[in-house]
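Biologist: Please look closely at one part of this model, the strand pairing, and then follow the chain outwards from there. I would like each cut-off stated where it first matters.

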Amino acid sequence: MRCPYCTYEKTHVIDTSHDRRGGTRRRRVCEACGQRFTSYERPILATPLLIKKDGTREEFSREKLLGGIRVACAKRPISAADIERVAGEIESELQRMGQEEVKSRIVGDMVIRKLKELDLVAYVRYAIVYLRLDDLTSIRGEIDRLLTEQS
């Protein structure tokens with residue numbers, strides 16, 4: 001590990017800790033200039049290809065996932081940290097599956113489940129598009145179902 005201050009190649013690890021997602025945090029000291037700094041290591045796990053409804057395959061995109069969640073959560077009292085957490089949890093679940101390809105429907109189901117736990121209005125917004133609720137009767141039916149579940 002190069003020192004970020006003097007670029008000397010030899011550093012000494014003085015402390016190591018691990019996080020719950022499998023990452024490693026190391027405190028280091030440069031042998032040349034004595035500066036201390038922190039480095040982070042985390043495993044890079046592959047995310048599967050998504051099989052779209054029409055049979056085409058597409059790389060998983062965390063940015064595309066975040067975009068869809070942000071649209072559903074727009075103007076709701078949901079923090080950016082919560083949106084990032086949801087996307088991270090979904091990405092981690094996909095990686096833990098260990099499959100090379102998964103149907104895009106699986107990702108949509110994960111999003112809908114997480115949004116239902118996070119905010120019901122965001123859930124309904126996402127559900128309108130994802131579940132193809134294309135008339136007021138079907139939207140009202142979904143809202144009535146949610147209200148019944150809450151009682």
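Modeller: Two strands count as paired if DSSP finds at least two bridges between them, and the elements themselves are DSSP runs numbered from the N terminus, with at least four residues for a helix (H or I) and at least two for a strand (E). The model is predicted, so to speak of a local feature requires a pLDDT of at least 70 and side-chain atom pairs count only at 80 or more, while totals for chains, interfaces and linings use all residues. Numbering starts from 1 along each chain as its sequence is written, and side-chain values use heavy atoms, without hydrogens or water.

With that settled, the sheet to begin with is an open one of three strands in the order E1-E2-E3, and its pairing is antiparallel. E1 and E3 stand at the edges with a single partner strand each, so one side of each has no neighbour in the sheet. From one strand to the next the twist averages 25°, where axes are lines fitted to C-alpha atoms (for helices over the stretch in contact) and angles between N-to-C directions run from 0 to 180 degrees.

Taking the pairs in turn, E1 covers residues 11-18 and E2 covers residues 24-30, and seven bridges hold these two strands together in the antiparallel sense. At one point in this ladder His-18 has Thr-24, in E2, as its bridge partner. On the other pairing, E2 runs antiparallel to E3, which spans residues 36-41, over six bridges. Two positions help to fix the register there: Arg-28 is bridged to Phe-37 in E3, and Arg-26 stands opposite Ser-39, also in E3. E2 and E3 make a hairpin with five residues between them, and in that turn Gly-34 has a positive phi of about 80°.

Ahead of this sheet, in the segment before E1, sits Thr-7, whose phi is near 65°, a positive value in a residue that is not a glycine. Thr-7 is partly exposed at a relative accessible area of 49%, on a scale where buried means under 20%, exposed means over 50% and partly exposed lies in between (1.4 Å probe, protein chains only). Its phi is worth a second look in the display, because most residues other than glycine have a negative phi.

A further sheet is built from three strands in the order E5-E4-E6, open again but with mixed pairing. At its edges stand E5 (57-59) and E6 (101-103), each with a single partner strand, so one side of each is left without a neighbour in the sheet. Neighbouring strands of this sheet are turned by 35° against each other on average, direction ignored. E4, at residues 49-51, is joined to E5 by three bridges and runs antiparallel to that strand; within this pairing, Ile-51 has Arg-57 in E5 as its bridge partner. H3 packs on the sheet, touching E4 and E6, and the direction of H3 makes about 60° with that of E6.

H3, at 104-118, is also among the elements that cover the buried residues of H1, together with H2 and H4 (120-130), where contact means heavy atoms within 4.5 Å. The buried residues in H1 are Leu-65, Leu-66, Ile-69, Ala-72 and Cys-73. They occupy an arc of only 125° around the axis, which places them on the same side of H1, the arc being taken over directions from the helix axis to the C-beta atoms. The face of H1 that is turned away from the buried side carries Glu-63 and Val-71, both exposed. Just after H1 comes Lys-75, with a positive phi of about 60° although Lys-75 is not a glycine. Lys-75 is placed in the loop between H1 and H2 and, at 85% relative accessibility, counts as exposed.

Beyond that loop, two residues of H2 show what this helix meets. Gln-95 lies in H2, which covers residues 80-97, and is buried, with a relative accessible area of 19%. Setting aside neighbours within four places in sequence, Gln-95 is in contact with Leu-45, Ala-46 and Thr-47. Glu-93 is found in H2 as well and, with neighbours within four places in sequence again left aside, touches Met-110, Arg-113 and Lys-114.
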